[in-house]
Amino acid sequence: MLNTHRKDIHLSLSHDQYDDLTSALETHRDGMEQFVKESALGFGLETTYWSHRVAEVQGLLEAVHRLAAGESPDAVKHHLQRLSPDSQEHPHS
């Protein structure tokens, strides 16, 4: 999967907005987990694709939690880039 373009965003969220964002990410991740199960039965795209997408969304959710806890945006960004196989194949300038 090729995802070489990244977007840095900085948000200031109310508690309700933060809850909405994390809930939306969890729902999105859970929906993709269902696609993993369906693909194992031969439906849709390959299981590895959906498993990778689940991991990406989970990483994003964890990044949101870490940022909300006060962790440095640069540290979180560096951690996400280390976890992404795309970042090793296509280093960012």
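1. A good place to start is a charged pair: glutamate 71 and arginine 66 are joined by a salt bridge, and their closest N and O atoms lie 2.4 Å apart. Glutamate 71 is partly exposed, at 29% relative accessibility, and arginine 66 also counts as partly exposed, at 23%. Please keep in mind as you read on that this is a predicted model.

2. Now for the overall layout. The protein has four helices and zero strands, so the pattern read along the sequence is α-α-α-α. Of its 93 residues, 20% are buried.

3. Next, have a look at how two of the helices sit together. Helix 1 (15–40) packs against helix 2 (residues 47–68) at an angle of about 165 degrees, and their axes are 8 Å apart. Because an angle over 145 degrees counts as roughly antiparallel, helix 1 is described as roughly antiparallel to helix 2. The crossing of this pair, helix 1 and helix 2, is left-handed.

4. Back to the charges: the structure holds four salt bridges. One of them is formed by glutamate 56 and arginine 53, with 2.5 Å between the closest N and O atoms. Both residues belong to helix 2 and are three residues apart, about one turn of the helix. Glutamate 56 is partly exposed, with a relative accessible area of 23%.

5. Another salt bridge brings together the side chains of lysine 77 and aspartate 8, at 3.0 Å from N to O. This pair links distant parts of the chain, since lysine 77 is in helix 3 (residues 73–83) while aspartate 8 is in the segment before helix 1, 69 residues apart. Lysine 77 is partly exposed, with a relative accessible area of 31%, whereas aspartate 8 is exposed, with 51%.

6. The segment before helix 1 deserves another glance, as arginine 6 is found there too. Its C-alpha atom is separated by 9.8 Å from that of glutamine 81, although the two residues are 75 apart along the chain. Arginine 6 counts as partly exposed, at 35% relative accessibility.

7. Finally, what makes up the nonpolar surface patch of about 310 Å²? Ile9, Leu11 and Leu13 make this patch. Leucine 11 lies in the segment before helix 1. With a relative accessible area of 57%, leucine 11 is exposed, because exposed means over 50%.

Conventions
Residues are numbered from 1 along each chain as its sequence is written. This is a predicted model: local features need pLDDT of at least 70, side-chain atom pairs count only at pLDDT 80 or more; totals for chains, interfaces and linings use all residues. Side-chain values use heavy atoms; hydrogens and water are left out. Patches are made of residues with over 30% relative accessible area and no salt bridge: like charges are joined within 9 Å, nonpolar side chains (Val, Leu, Ile, Met, Phe, Trp, Tyr) within 5 Å. Accessible areas come from the Shrake-Rupley method with a 1.4 Å probe; for residues, only the protein chains shown count as cover. Buried means under 20% relative accessible area, exposed over 50%, partly exposed in between (1.4 Å probe, protein chains only). Axes are lines fitted to C-alpha atoms, for helices over the stretch in contact, and angles run from 0 to 180 degrees between N-to-C directions. Angles under 35 degrees count as roughly parallel, over 145 as roughly antiparallel, 65 to 115 as roughly perpendicular and the rest as oblique. A crossing is left-handed if the near helix is turned anticlockwise from the far one by less than a right angle, and right-handed if clockwise.
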